[in-house]
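This report describes one protein chain, from its overall make-up down to single residues. Please look at the sequence and the model before reading on.

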Amino acid sequence: MDRLGQLLWYANVAAMGALLLRFTATGLWRLYRVLFSYFLALAGGSLLLLLISFRSNSYALVFMTDEVIVHVLALFTVLELYWLALAKHMGLASFGRTTVWGVSAAVTFLALVSALLDRDVPSGQSIILHRFFTVERTLEMAIILFLLLIALFITWFPVKMPRNAALAIAGFSVLYILRAGTLLAANLLARTHLAAINDAMIAFSTVLLLVWTFALRPEEASQEVVTGHAWNPEALGDLSRQLDTINTALARFGRS
């Protein structure tokens, strides 16, 4: 890693530290426990990797271990954010949580199968890393799909939620997609472009983390926001009734 990349990495870890401190100072970590744990694991893993030689076996072991932990926490973070976003629509929240678990199990199975079928290992690459990256890409695509579905849902339907929850969904979605995109680029693009792409991603995510940190408010001081068609009162009323109907139907289905 060059000097610029190292400085940007330190800045990014510092920004994650600032966000974690903000969550702690406002008491929001109690409400967003999994999201807090996600950034804690991400920041801790990044700091540890900076202390280890890049081309050593220890670096690869720490990297893969941290990636597994971060991906598991990312999946649980999606569930947590979905639940918080739909806290006033428990029928939808319960149905969504069940659906996410079912799809996650299917995707995990497909990821393991794809690792076995993907037998062409690029020259010079470790077979263990190759299989790991194959499974990782599949899981990342599933998590990104869940995040996009949540974003589309709350963009279309008028969901009332705390401003902090809206910030958490937007911030986590953008940061995770950026991170996943960078890892995908590392696997697909020529090494000559990797440093520039990685530096750009780290710089953008650092700015986003700092904006998120300053935008957070204690939950009792956080205003509620209404997503989806808030600019169109007529459509807002129709979609609100549709949302209530769907929620009631799913709540009844869950009790049956």
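What percentage of the 256 residues in the chain is buried? Buried residues make up 41% of the 256, where buried means under 20% relative accessible area, exposed over 50%, and partly exposed in between (1.4 Å probe, protein chains only). The model is predicted, so local features need pLDDT of at least 70 and side-chain atom pairs count only at pLDDT 80 or more, while totals for chains, interfaces and linings use all residues. Residues are numbered from 1 along each chain as its sequence is written, and side-chain values use heavy atoms, with hydrogens and water left out.

**Overall make-up**

The chain has eight helices and two strands; these are DSSP runs numbered from the N terminus (helices: H or I, at least four residues; strands: E, at least two). Read from the N terminus, the order is α-α-α-α-α-β-α-α-β-α. A contact is a pair of heavy atoms within 4.5 Å. Among contacts between residues at least 6 apart in sequence, 78% join residues at least 24 apart. The accessible surface of the chain is about 14000 Å², and 70% of this belongs to carbon and sulfur atoms; such areas come from the Shrake-Rupley method with a 1.4 Å probe, and for residues only the protein chains shown count as cover.

**The core**

The largest nonpolar core has 52 residues. Such a core is a set of buried Ala, Val, Leu, Ile, Met, Phe, Trp, Tyr and Cys residues joined through side-chain atoms within 4.5 Å. The residues with the most contacts inside this core include Phe23, Tyr38, Phe172 and Trp212. Helices α1 (3-26), α2 (33-50), α3 (57-85), α5 (127-156), α6 (163-188) and α7 (191-215) each supply at least two of its residues. The largest share, 12 residues, comes from α3. Leaving out residues up to four places away in sequence, Trp212 touches nine residues listed here in part, among them Leu19, Phe23, Leu35 and Phe172.**Three residues compared by accessibility**

| Residue | Helix | Relative accessible area |
|---|---|---|
| Thr77 | α3 | 0%, buried |
| Val68 | α3 | 46%, partly exposed |
| Ala166 | α6 | 24%, partly exposed |

With the same sequence neighbours left out, up to four places away, Thr77 touches Val34, Leu35, Tyr38 and Phe172. Ala166, apart from neighbours within four places, is in contact with Met161 and Val225. Ala166 and Val226 are 60 residues apart in sequence and 9.4 Å apart in space, C-alpha to C-alpha.
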